[in-house]
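Here are a few exercises to work through with the model open in your viewer. Try each task before reading its solution.

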Amino acid sequence: MLFRSFVALVATAATGICASLQQVKDFGANPTKIYMYIYVPDKLAAKPAVIVALHPCGGSAPSWYSGTKLPSYANTNGFILIYPGTPNYSNCWDVNGAATLTHGQGGDALGIINMINYTISTYSADRDHVYVMGSSSGAMMTNVMAGSYPDVFEAGAAFSGTAHACFAGSLGQPTPFGTNQTCAQGLQHTPQEWANFVHNSYPGYTGRRPRMQIFHGLADTLVRPQCAVEALKQWSAVLDVPFGKNVSGVPSAAYTQMIYGDGTKLQGFFGVGVGHTAPVNEQLMLKFFGILS
């Protein structure tokens, strides 16, 4: 045990990295008693960006911290990572409740917003460069956060999720394997109907809306690919960017990229043979966010 500790100490000294994932227990109002974890790299940018990273169903903040390469990119680029965690609904996010789908009203969404406010206050982070990403249930919640709190987020990236308010009003647990399968099987609305869900989540808001990336596997049988089609319909209407063109082979041979407008506000990615969930492409996402050039 002593030898292992010594080896770990030497490895840390060699890399020069001492930062680690830390839990924060007092970050403000927390209506649904979710958890906050944070990763602050040793070398922060002068006014660091913040990325909220939302775990999938059955996951946790620590497991999602280990689930992507984002901490490595944070070390290199000096941004802060917030890892919320939920113990509710089989560790799935609250994406169906009226409170979480309404700006400032409560639910998991308000707890996450208070994590962001705590981080900005504590670390002098850049309020104009806050981003959200997630996988599966975390992707569903990514769309919820972008819809309910457009004033907070600059951009979001959803990997194998559903449109904002797709689960609205469901009395079953908001999971793709719950009793209510309507959303996960590809609930369809017109673009304007989807846009109305977003607008009704923050009535009267006229400011800028988050730019969005939507990733999905065409072989996903848990959260059907149609769910991504519906999310793209939603954000195309909200952001007022029509579909422009398909680009084959981005980010790899299995994928087709869908460009809306000039591609700066909305992009979709569909992978042939890709199931649940679509792998996180950190580099592509961080370039879209504007963190990487």
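**Exercise 1.** Find Val-223 and decide whether it is buried or exposed.

*Solution.* Start with the cut-offs: buried means under 20% relative accessible area, exposed over 50%, and partly exposed in between (1.4 Å probe, protein chains only). Val-223 has a relative accessible area of 0%, so it is buried. Next, place Val-223 in the fold: it sits in the loop between β7 (211-217) and α7 (226-239). Helices here are DSSP runs of H or I with at least four residues and strands are runs of E with at least two, numbered from the N terminus. Finally, check a distance: the C-alpha atoms of Val-223 and Gly-85 are 21 Å apart, with their positions 138 residues apart along the chain.

A word on the ground rules: this is a predicted model, where local features need pLDDT of at least 70 and side-chain atom pairs count only at pLDDT 80 or more, while totals for chains, interfaces and linings use all residues. Residues are numbered from 1 along each chain as its sequence is written, and side-chain values use heavy atoms, leaving out hydrogens and water.

**Exercise 2.** Work out how the protein compares with a globular protein of its length.

*Solution.* First, count the elements: eight helices and ten strands. The radius of gyration is 18 Å, close to the 19 Å from the globule rule for 293 residues, so the protein is as compact as a globular protein of that length. (That radius is taken over C-alpha atoms, and the rule is 2.2 Å times the number of residues to the power 0.38.) Then look at burial: 53% of the 293 residues are buried. Last, take the contacts, meaning heavy atoms within 4.5 Å. Of those between residues at least 6 apart in sequence, 71% join residues at least 24 apart.

**Exercise 3.** Check the span of helix α5 (residues 137-148), then ask how many of its residues are buried.

*Solution.* The expected span of a helix is 1.5 Å times one less than its number of residues. For the twelve residues of α5 that gives 16 Å, and the end C-alpha atoms are 16 Å apart, which agrees. Now for burial: twelve of the twelve are buried, so α5 is largely enclosed by the rest of the structure. Among them are Met-140, Met-141 and Met-145. Step back to the loop between β5 and α5, and you meet Ser-136. Ser-136 has a positive phi of about 60° although it is not a glycine, and at 5% relative accessibility it counts as buried.

**Exercise 4.** Do the span check for α4 (residues 107-123), and list what its buried residues pack against.

*Solution.* The 17 residues of α4 should span 24 Å, and the end C-alpha atoms are 25 Å apart, which agrees. Twelve of those 17 residues are buried, leaving α4 mostly covered. The buried residues pack against β2 (35-39), β3 (50-54), β4 (80-85), β5 (130-135) and α5. Just after α4, Ser-124 takes a positive phi of about 50°.

**Exercise 5.** Which residues does each cis peptide bond with a given omega join?

*Solution.* Keep the background in mind: most peptide bonds are trans. One cis bond joins Val-250 and Pro-251, with omega about 5°; Pro-251 is in the loop between β8 (243-248) and β9 (255-260). Another joins His-276 and Thr-277, with omega about 10°. Thr-277 lies in the loop between β10 (266-271) and α8 (282-289).
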